[in-house]
Amino acid sequence: MKTIDDLDVAGKRVLVRADLNVPLDGTAITDDGRIRASVPTIRTLAERGARVVVTAHLGRPKGEPNSAYSLAPVAARLGELLGRPVAFATDTVGDSARATVASLGDGDVALLENVRFNAAETSKDDEERGLFADALASLADLYVGDGFGAVHRKHASVYDVARKLPHAAGLLIAAELDVLTRLTEKVERPYAVVLGGSKVSDKLGVIDNLLGKADRILIGGGMVFTFLAAQGREVGTSLLEKDQLDTVREYLRRAEENGVEFVLPVDIVAATAFAADADHSVVAADAIPADRMGLDIGPDSGDLFAEKLADARTVFWNGPMGVFEMAPYAGGTRAVAQALVDSDAFTVVGGGDSAAAVRTLGFDENAFGHISTGGGASLEYLEGKTLPGLDALEG
């Protein structure tokens with residue numbers, strides 16, 4: 001796969017598909033991690049004299065303009081981080097986009113409005129998506145794929161444009177691929193994987209694949225209650241996917257057969273309601289009251305998980321251990337994050353809610369080996385799936 005080092009970009013219009021999908025509170029950016037991760041590629045191209053045209057999405061605006069999902073606040077923050085003005089086009093392929101791109105000089109940067117304001121961006125129809133990709137491609141001479149968080153999507157700006165222009169991977173995608181290679185092909189052992197989040201069904205593929213690769217799998221978050229129920233334990237009113245019980249039992253059987261250690265919590269923070277001010281207490285994992293729901297792993301489980309991670313040489317973590325946004329249920333996620341910080345292993349935080357948790361709980365990002373910008377993309381790669389955005393860059 002070519003990288004931007006292989007491109008002659010001076011004086012050329014370079015369309016960069018970035019991942020700028022940041023959380024907003026009104027127009028205020030609450031976590032600019034993905035913007036900061038995109039800066040090195042954009043800065044490098046601008047310093048080499050490219051006319052940089054950035055395209056990205058924010059949220060799910062359902063294929064039509066919606067001011068709540070405008071990238072205007074992102075353009076302002078990107079300019080601050082770059083230390084140079086970023087021109088903002090109020091559409092993606094219309095008059096504003098064409099005029100904005102035409103006005104760029106060498107080293108200038110522009111951001112197009114949310115690419116998902118156009119229904120064709122995410123269309124399942126190849127022809128419709130292709131026509132929109134033609135319009136995007138007309139704005140540039142070269143294409144750089146750098147939105148790792150979107151490479152698992154067969155979207156026009158991620159997949160189709162790369163097939164229409166000379167292309168290369170940006171610095172972020174190159175770095176993410178290097179990390180994923182260390183998790184799949186050049187693994188230092190013991191290899192421990194920590195999985196959390198709400199649903200087992202979101203992690204089925206990665207668990208299935210990791211049963212043949214990981215040495216140890218630690219389970220927390222809402223998904224753990226399906227595992228506990230599969231072992232015949234009472235889970236009260238906790239999140240439970242009954243249709244996955246047989247699948248989970250099979251995973252536990254295969255893990256034992258393959259010599260993979262499955263680690264489940266020994267205690268749970270159980271509450272009367274899904275609320276920070278609900279009555280809550282720590283109970284044994286096999287003694288969850290019928291009228292309570294588990295919202296975090298307990299302190300003994302945090303200690304157990306830290307112990308199980310202490311001797312690892314490689315750790316991949318995806319998904320919080322509890323409802324970390326509420327202070328009473330943040331302890332498990334904090335314990336896992338601290339265990340990674342204390343570890344001598346190569347540690348990878350797998351994007352999404354895990355990356356948000358690390359920042360929300362005040363950890364130094366530099367204390368981790370790598371914080372991915374793509375939770376879903378990382379998981380699909382670890383499942384062994386072909387990712388359209390990467391496939392297009394290989395061609």
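Student: What makes G352 partly exposed in this predicted model?

Tutor: Its relative accessible area is 37%. Buried means under 20% and exposed means over 50%, so G352 falls in between and counts as partly exposed. You'll find G352 in helix α12, residues 352–360.

Student: And G294, how do you know whether that one is buried or exposed?

Tutor: Same kind of check. G294 has a relative accessible area of 10%, and the limit for buried is under 20%, so G294 is buried. G294 lies in strand β14. Leaving out residues up to four places away in sequence, G294 touches F225, S238, I268, V269 and A270.

Student: Which UniProt annotation covers G294 and G352?

Tutor: The unreviewed UniProt entry has a "binding site" annotation on K203, G294, E325, G351, G352, D353 and S354.

Student: Why do you say these residues do not all gather at one spot?

Tutor: Look at the spread: they span 152 residues in sequence, and the farthest two C-alpha atoms are 23.7 Å apart, so they do not all sit together.

Student: Back to β14. What makes its sheet an open one with edges?

Tutor: The order is β13-β12-β14, with antiparallel pairing. β13 (280–284) and β14 (293–297) each have a single partner strand, so one side of each has no neighbour in the sheet, and that puts them at the edges. On average, neighbouring strands here are turned by 40° against each other, direction ignored.

Student: How do you know that β12 and β14 are paired?

Tutor: Count the bridges. Pairing needs at least two, and four join β12 (residues 267–271) to β14, so the two strands pair, running antiparallel. For one of the contacts, A270 has G294 in β14 as its bridge partner. Helix α10 (residues 299–309) packs on this sheet, touching β12, β13 and β14, and its direction makes about 40° with that of β14.

Student: What makes β15 mostly covered?

Tutor: Five of its five residues, 314–318, are buried. T314, F316 and N318 point one way, while V315 and W317 point the other way.

Student: Which strands pair with β15, and how do you know?

Tutor: Bridges again, with at least two needed. Strand β9 (residues 191–195) is joined to β15 by five bridges, in parallel, and A192 stands opposite V315. Strand β16 (residues 346–349) pairs with β15 over four bridges, also parallel, with V349 as the bridge partner of W317. β15, helix α11 (residues 331–342) and β16 make a right-handed β-α-β unit.

Student: Now the aromatics. Why is the F227 and F262 pair called tilted?

Tutor: The ring centres are 5.5 Å apart, which is within the 6.5 Å limit, so they pair. The planes meet at 35°; stacked needs under 30 degrees and edge-to-face over 60, so this pair is tilted. F227 is in helix α8 (residues 224–230) and F262 in strand β11 (residues 261–263), so the pair links distant parts of the chain, 35 residues apart. Both F227 and F262 are buried.

Student: And what makes F363 and F368 edge-to-face?

Tutor: Their centres are 6.3 Å apart, within 6.5 Å, and their planes stand at 70°, over 60, so the pair is edge-to-face. F363 has a relative accessible area of 15% and F368 has 5%; the buried limit is under 20%, so both count as buried.

How values were computed:
Residues numbered from 1 in each chain as written. Predicted model: local features only at pLDDT ≥ 70, side-chain atom pairs only at ≥ 80, totals over all residues. Heavy atoms only, no water. Axes fitted to C-alpha atoms, helices over the stretch in contact; angles between N-to-C directions. Contact = heavy atoms within 4.5 Å. Buried < 20%, exposed > 50% of the residue type's maximum accessible area, 1.4 Å probe, protein only. Right-handed = clockwise from strand over helix to strand, strands pointing away. UniProt positions renumbered as here; feature names shortened; annotations may be inferred. Phe/Tyr/Trp six-rings, centres within 6.5 Å; stacked < 30°, edge-to-face > 60°.
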